[in-house]
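Reader: I have a model open and want the reasoning behind its labels. Can you take me through it?

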Amino acid sequence: MHPSLSLKQARRIALAAQGLDKVRPAAPVSARAVGRTFARLHLVQIDSVNVLSRSHYLPFFSRLGNYDRSILQRMAGTHPRRMMEYWAHEASFIRPEHFPDLLQWQSRKWVGAHDMDPELRGEVAQRVLAALGTGRPLTAAELTARLGHIEDRSTDNWGWNWNAVKRVLEHLFEEGLVSAASRTDSFERRYTLTARVLAAAPSHSDAQQEPDAAAAMVRLIDAAAQAHGIGTLRCFADYFRSPQRAAALAVEQLVEAGRLEPVTVAGWNRPLYRHADAVLPRAATGRALLSPFDSLVFERRRLEELFGFHYRLEIYTPEAKRRYGYYVLPFLLRDGIVARVDMKADRATGRLLARASHAEPGAPADTAVELAEELQLMAEWLELDRIVVAPVGDLAPALGQAVAGLHPL
């Protein structure tokens, strides 16, 4: 008979694993605290949408509050390097120690130049690697200028109309030969050799080990299960976008090793596992606006089963057909997701815009007040002067009133 948990207990385990179960610290946020948060999450997703803030900055705000974003830039670009870019859930910042394991299992061949003429691809790759091996990190545009225009006669322009150099760069990135040394202000990668990035990581070892794909999968699923606290095989596999069959074998090994324990949760009718390191807090007291790319909301089925929250990102939905808005953030209050807000940072006018706000069924009475305080904290973090609540959504009237009662920024 497996141990049995209530749904609220499972929620608290999941929130604690993600660092979302407690009130944020009142003290200024240190680089150590940011590093601990990243170590807990194992990865943060990267996305180019910047309507509010770059997506990889938001999970740290959700967990820590008003922190200095330059801390992340240092973690991802200086020695010792504690973050690096690679494919994980999607394009992500990952812990460098996960890179060799992900390299065993990631396959994003659609991204790069696999369908290019092999001779042309090989020629461009050789020139790119030579340029990066003898000089400073370069963007794709800088490399194109240095190498000269190279025509790609492929009939398929692969959707984004990348030139040959950019396509080969992405091919080499997927193969693990090049990585990002840093990003420009416009969020372009500055490419360099992966060996240089790994050499700056504190966990780097020059010792060459025989790759063991099965062992790599066990380590990835163990890390994913740590980040979940509790979840299904599908949840764990989805975290690093791992193949489910290989992930299932890893789960079996982790159960045998005592790292995972099968459990049952009332109302969550799938095989479930609790990680050995997972804690069950007596209460969840946290509050957070969550990025659409936050790791708590990666797996939408889990989100609905665990929190009763149905969530779809509507960025690619035609405006007239959107239900809640363009860039909608779920609002977590204590142990429930109680509202959602369509957010925008209007930097030109210094305003944080709540373009639509909707409460979930059964949202507690203090939802609007707590959300208003969260918006104020976000405005301070983004260095915006004013919060504007549009009269859209059933929560908007109460939220507007609560915002009006706040102390001026």
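What follows covers one helix pair and one sheet.

Author: Keep in mind that this is a predicted model.

Reader: Why are H6 and H8 called roughly perpendicular to each other?

Author: Helix H6 (residues 118-134) and helix H8 (residues 164-175) pack at an angle of about 75 degrees. Angles of 65 to 115 degrees count as roughly perpendicular. H6 and H8 are therefore roughly perpendicular to each other. Their axes lie 9 Å apart.

Reader: Which residues make the contact?

Author: H6 gives Arg121, Val124, Ala125, Val128, Leu129 and Leu132. H8 gives Ala164, Val165, Val168, Leu169, His171 and Leu172. By class, the residues of this contact are 10 nonpolar, 1 polar and 1 charged. Arg counts as charged.

Reader: Now the sheet. What makes S10 and S14 the edge strands?

Author: The sheet is open, has 5 strands and runs in the order S10-S11-S12-S13-S14, with mixed pairing. Strand S10 (287-289) and strand S14 (386-389) each pair on one side only. The twist averages 25 degrees from one strand to the next.

Reader: How do you know that S11 and S12 pair?

Author: Pairing needs at least two bridges. Strand S11 (residues 328-333) and strand S12 (residues 336-346) have 6 bridges, in the antiparallel sense. Leucine 329, for one, has valine 341 of S12 as its bridge partner.

Reader: Which helix packs on the sheet, and which strands does it touch?

Author: Helix H14 (residues 367-381) touches S10, S11, S12, strand S13 (351-359) and S14. The direction of H14 makes about 60 degrees with that of S10.

Methods:
Residues numbered from 1 in each chain as written. Predicted model: local features only at pLDDT ≥ 70, side-chain atom pairs only at ≥ 80, totals over all residues. Heavy atoms only, no water. Axes fitted to C-alpha atoms, helices over the stretch in contact; angles between N-to-C directions. Helix = DSSP H or I, 4+ residues; strand = E, 2+ residues; numbered from the N terminus. Parallel < 35°, antiparallel > 145°, perpendicular 65-115°, else oblique. Contact = heavy atoms within 4.5 Å.
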